[in-house]
Amino acid sequence: MSEVLVVIDHADGEVKKPTYELLTIAARLGEPAAVFIGAASQGDAVAEKVKKYGAQKVYVIDDAELKGYLVAPKAEALQQLAEKTGPAAILVPSTFEGKEVAARLAIKLESGLITDAVDVQAGDGGPVTTQSVFAGNYTVTAKVTHGTPIITVKPNSAAPEEAEGAAAVEAFAPTISDGAKTAQIVASQPRQSTGRPELTEAAIVVSGGRGTGGDFEPIEKFADSLGAAVGASRAAVDSGWMPHAFQVGQTGKTVSPQLYVANGISGAIQHRAGMQTSKTIVAVNKDEEAPIFELVDFGVVGDLHTVLPAATEQVTQRKG
Amino acid sequence: MNIVVCVKYVPDATADRHFEEDNTVDRVGVDGLLSELDEYAVEQALQLKEKRADEEVTVTALCVGPEKAVDAVRKALQMGADSGVHVVDDAIAGSDYAATSLVLAKAIEKVGKPDLVMCGMASTDASGSVVPAMLAERLGLPQVTLASVVETQGDQVRIKRDNEGSTEVIGATMPLVLSVTDQSGEARYPSFKGIMAAKKKPLETLSLADIGVDAGQVGLSVAWTQVEDTTARPPRTAGEIVKDEDGSGAVALTEFLASKKFI
Ligand SMILES: Cc1cc2nc3c(=O)[nH]c(=O)nc-3n(C[C@H](O)[C@H](O)[C@H](O)COP(=O)(O)OP(=O)(O)OC[C@H]3O[C@@H](n4cnc5c(N)ncnc54)[C@H](O)[C@@H]3O)c2cc1C
Ligand SMILES: Nc1ncnc2c1ncn2[C@@H]1O[C@H](COP(=O)(O)O)[C@@H](O)[C@H]1O
């Protein structure tokens with residue numbers, strides 16, 4: 001069986017949940033082989049993690065020479081690894097960086113690229129992907145017809161399945177050209193953690209919009225009572241109430257949680273693009289005509305400043 | 001300094017976007033416009049031109065798309081771009097990212113050797129955010145993408161951007177490919193003067209032959225990816241909506257969440 005390369009999504013060696021989802025998908029298509037681009041010293045610890053989700057092999061690419069630059073060196077490294085291993089497919093996390101690495105790789109390998117898959121299944125002629133397009137209004141299935149299928153996969157596209165893998169660690173040392181080292185990361189300021197779940201990975205997201213009037217406390221408290229991540233509409237971000245990293249929508253994050261609670265958000269098409277595939281949608285909005293109500297499973301017509309604090313109290317009580 | 005801004009003509013997001021029989025996006029039957037996210041790239045190009053007033057800066061808007069797509073170029077000219085290039089050829093219909101980036105790259109080479117190739121962060125229809133990276137790969141240029149702030153000094157470019165877990169400053173030397181986000185600053189509206197002036201600006205139409213691309217390299221039949229099926233999502237079944245009266249909303253909300261096992 002051919003290997004399926006899975007690019008590990010991690011922050012400084014901390015493996016992120018979408019990695020396990022990708023490994024689960026890879027097992028449908030071939031033999032999962034994880035690729036860790038990071039500090040070689042963290043390779044063994046990472047291998048222990050991905051072993052539990054069926055990684056048969058773990059290629060460790062030390063990033064000492066790569067990490068000071070934007071995407072191009074990573075694409076070169078993956079090209080060389082792919083040429084050596086001849087994988088059946090390459091799965092990449094659908095982050096902005098992942099998509100750009102995949103884009104360059106696709107040109108290098110003369111291979112078809114499918115972005116933002118929300119499902120991938122084995123088909124007769126290779127992997128068949130499902131994408132959600134036009135703000136979630138259409139579902140599209142597609143496949144790659146040329147070269148090695150390169151697919152970027154969104155978070156929450158599969159339920160991670162535990163499976164014991166061999167996780168044989170193999171160091172891979174790519175040759176990075178000078179031409180790939182031209183866009184330099186001059187400075188990098190890590191964002192402070194909020195202590196809440198990662199927006200794109202969270203099972204529950206509670207968002208606030210212009211209707212908060214700038215006061216996100218009711219949103220945050222309600223989110224905390226549910227153990228949820230906090231999101232925001234662009235109107236809230238543009239007003240400076242929340243950092244851009246919290247924005248949900250076309251130009252922010254796409255989320256697909258079990259539960260999405262939109263508060264004081266009207267439901268513009270660009271916002272929907274980032275949350276329409278959520279399993280259950282709830283809205284609190286004081287305007288009963290707000291378009292968000294067309295989407296909801298449950299809606300409250302009311303003022304979020306009174307509804308949310310009361311609901312927070314009741315949720316906390318129920319949880320005891 | 002020469003700047004080429006890649007502008008895409010896209011179906012209006014608020015219109016009824018759909019697919020054709022052959023599973024390609026209907027780009028003709030739905031009202032289209034210059035992708036809003038590419039307006040930000042035009043805006044940043046124009047701001048660079050204004051900031052570097054002591055040298056000659058030309059801004060060329062480049063679009064690959066069907067006949068009607070010339071509207072996207074016109075809008076960019078109305079905003080203030082100096083000239084436009086529209087690559088149109090029946091053979092291009094149904095091209096995927098790879099072919100689109102090939103046509104764009106060849107057109108950019110034909111236009112000359114720009115110091116900056118500027119793009120939006122994503123097209124509002126495909127939302128791939130991959131064409132700028134592909135262009136950089138094909139043109140052999142550095143890619144500096146997803147900028148929320150752009151600064152230049154001589155041939156040096158510095159941008160600020162939000163990455164997954166951090167805020168980054170990226171530096172590179174021109175020539176390069178630069179993409180900007182919708183955080184980079186509101187795009188200007190064409191003024192009446194701008195609209196009048198645009199009518200006299202040069203707008204060149206190029207075919208594949210003009211840019212040296214073989215028709216057999218692009219289009220639906222040779223695409224590296226193939227859409228098998230497109231289905232409209234079934235409308236969501238109407239949910240339950242309650243009016244909050246004296247605290248009833250919070251009670252009903254909590255009940256609902258509990259019934260779905262979220263509490
Ligand atoms: C190219 C492009 C990209 C975009 N990308 C995004 C994106 O990524 N994400 C995004 O969100 N938007 C995006 N937008 C913007 C989008 O079109 C909307 O403008 C935005 O989503 C509106 O945010 P909002 O719902 O918070 O504000 P509004 O539309 O102003 O809605 C506020 C809502 O709050 C309700 N309200 C007011 N007070 C209260 C109260 N006390 N209690 C309860 N409800 C109250 C009102 O009834 C109203 O429905 C984009 C736009 C463009 C053109
Ligand atoms: N057909 C096109 N014509 C001109 N520019 C394009 C075209 N397709 C993509 N682009 C540019 O590439 C960016 C990203 O597009 P995409 O990768 O499709 O999301 C857009 O914002 C445009 O700047």
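**Salt bridges in the predicted model**

A:Arg28 has a relative accessibility of 29% and is therefore classed as partly exposed. In this predicted model, its side chain forms a salt bridge with A:Asp119, with 3.3 Å between the closest N and O atoms. The two residues belong to distant parts of the chain, 91 residues apart: A:Arg28 lies in helix α1 of chain A and A:Asp119 in strand β7 (residues 113–123) of chain A. A:Asp119 is also partly exposed, at 22% relative accessibility.

Helix α1 holds a further salt bridge, between A:Lys17 and A:Glu21, with an N to O distance of 3.4 Å. These two residues are four residues apart in the helix, which spans residues 17–29 of chain A, so about one helical turn separates them. A:Glu21 has a relative accessible area of 2% and is buried, whereas A:Lys17 is partly exposed at 31% relative accessibility.

A salt bridge of 3.8 Å, N to O, joins the side chains of A:Glu164 and A:Lys51. This pair again connects distant parts of the chain, with the two positions 113 residues apart: A:Glu164 is in the loop between β10 (150–153) and β11 (168–171) of chain A, and A:Lys51 is in helix α2 (residues 43–51) of chain A. A:Glu164 is exposed, with a relative accessibility of 62%, while A:Lys51 is partly exposed at 22%.

Salt bridges also link A:Arg104, A:Lys108 and B:Glu137 in a network. Over all chains, the search of the whole structure finds 28 salt bridges. In general, side chains of opposite charge can pair when their charged atoms come close.

Terms used
Residues numbered from 1 in each chain as written. Chains lettered and ligands numbered in written order. Predicted model: local features only at pLDDT ≥ 70, side-chain atom pairs only at ≥ 80, totals over all residues. Heavy atoms only, no water. Salt bridge = Lys/Arg side-chain N within 4 Å of Asp/Glu carboxyl O. Buried < 20%, exposed > 50% of the residue type's maximum accessible area, 1.4 Å probe, protein only.
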